[in-house]
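Me: I should like to understand the terms applied to this structure. Please set each value against its definition.

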Amino acid sequence: MIDKEGKIAFFDSGVGGLTVFDKFKKLLPKESYVYFGDLKNSPYGAKTKSELIVLADKVFKFLETKNVKAVLMACNTTSANVYEELKNNYSFKVYPIIQSCAKVIAQSGIKSVGVFATCATINSHAYSKELKLHNSSLQVYEQACPKWVEIVEKGLQNSSESIQIIKQDLDLMLENKPEKIILGCTHYPYLINILSKFAPKDMFIDPSKFFAEFVKSDMENLGLINENSTQSEEFYVSANNKEFVSAASVFYEVKSLPIIADL
């Protein structure tokens with residue numbers, strides 16, 4: 001039996017998951033939250049599936065010690081590669097961002113969609129598989145953008161070199177003429193101002209909004225919402241806590257240094 005008074009945790013390789021964290025806190029203002037960023041092993045996008053399983057398992061076991069009732073896999077790369085292998089191994093409910101959002105996006109009425117994501121996510125074809133599971137006729141075009149995470153985390157998005165990289169990736173995708181493009185990494189929505197210089201802003205889908213609303217609805221159905229607490233938040237990282245606070249400023253105001261967890 002999962003304790004509804006437990007905390008809600010967010011897991012990402014770095015700071016990108018704060019996009020989901022921020023949206024979710026606004027939906028459920030009375031819950032207590034834990035955020036874990038695995039900066040020691042970031043970025044995840046170039047790692048193998050077996051490496052990702054080992055890393056995610058260590059984080060999940062750490063989160064079990066923090067009395068959590070649910071873990072939101074805000075990282076698209078881990079959602080794509082480890083969810084099915086690890087989802088039933090812990091005392092909490094696990095929510096993967098890709099699988100949670102795909103049904104809503106697939107049934108939105110569009111006929112073709114592009115997916116920008118990390119190499120690991122693209123190689124897994126997780127978005128394509130999940131989208132087609134709910135709409136077999138949907139045309140899906142997947143494309144890796146291996147430099148985008150670094151651009152965001154280092155605050156380089158407005159440099160001429162970065163803009164050129166982003167434009168080249170976008171131009172390649174636009175050759176497929178998709179109706180919409182999923183920003184399939186939690187870092188990518190922070191490039192929307194650059195992307196919208198070269199394509200309509202409403203072409204781009206930020207899955208974090210769908211994800212937060214899906215999880216809230218599911219937790220309500222399972223009776224896991226805690227209406228009697230006062231919101232609190234804890235931040236943990238595997239390394240580089242000062243770097244985390246600096247990088248996080250693009251996403252969310254972290255008011256104190258995260259605790260470094262030795263996994």
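The exchange below takes up sheets, cysteines and nonpolar cores in turn.

Reply: This is a predicted model, in which local features need pLDDT of at least 70 and side-chain atom pairs count only at pLDDT 80 or more, while totals for chains, interfaces and linings use all residues. Residues are numbered from 1 along each chain as its sequence is written, and side-chain values use heavy atoms, with hydrogens and water left out.

Me: What makes β5 and β7 a pair of strands?

Reply: Strands are DSSP runs of E with at least two residues, and helices are runs of H or I with at least four, numbered from the N terminus. Two strands pair if DSSP finds at least two bridges between them. Strand β5 (residues 112-117) and strand β7 (residues 180-183) share four bridges in the parallel sense, so the definition of a pair is met. Within this pairing, Phe116 stands opposite Leu183 of β7.

Me: Why are β6 and β8 called edge strands?

Reply: The open sheet of four strands has the order β6-β5-β7-β8, with parallel pairing. Strands β6 (139-144) and β8 (204-205) each pair on one side only.

Me: How do you know that Cys119 forms no disulfide with Cys145?

Reply: A disulfide is a pair of cysteine sulfur atoms within 2.5 Å. The closest cysteine sulfur to that of Cys119 belongs to Cys145 and is 8.8 Å away, which is too far for a bond. Cys185 is likewise in no disulfide, the nearest cysteine sulfur, that of Cys75, being 6.9 Å away. A search of the whole structure finds zero disulfides.

Me: Why is Cys185 called buried, and why is Cys119 called partly exposed?

Reply: Buried means under 20% relative accessible area, exposed means over 50%, and partly exposed lies in between (1.4 Å probe, protein chains only). Cys185 has a value of 8% and is therefore buried. Cys119, with 29%, is therefore partly exposed.

Me: What makes a set of residues a nonpolar core?

Reply: Such a core is a set of buried Ala, Val, Leu, Ile, Met, Phe, Trp, Tyr and Cys residues joined through side-chain atoms within 4.5 Å. The largest has 70 residues, and Leu18, Phe24, Leu131, Trp148 and Phe244 have the most contacts inside it. Helix α5 (residues 97-106) provides the largest share of this core, six residues. A second, separate core of 25 residues includes Phe11, Val34, Phe62 and Leu63.
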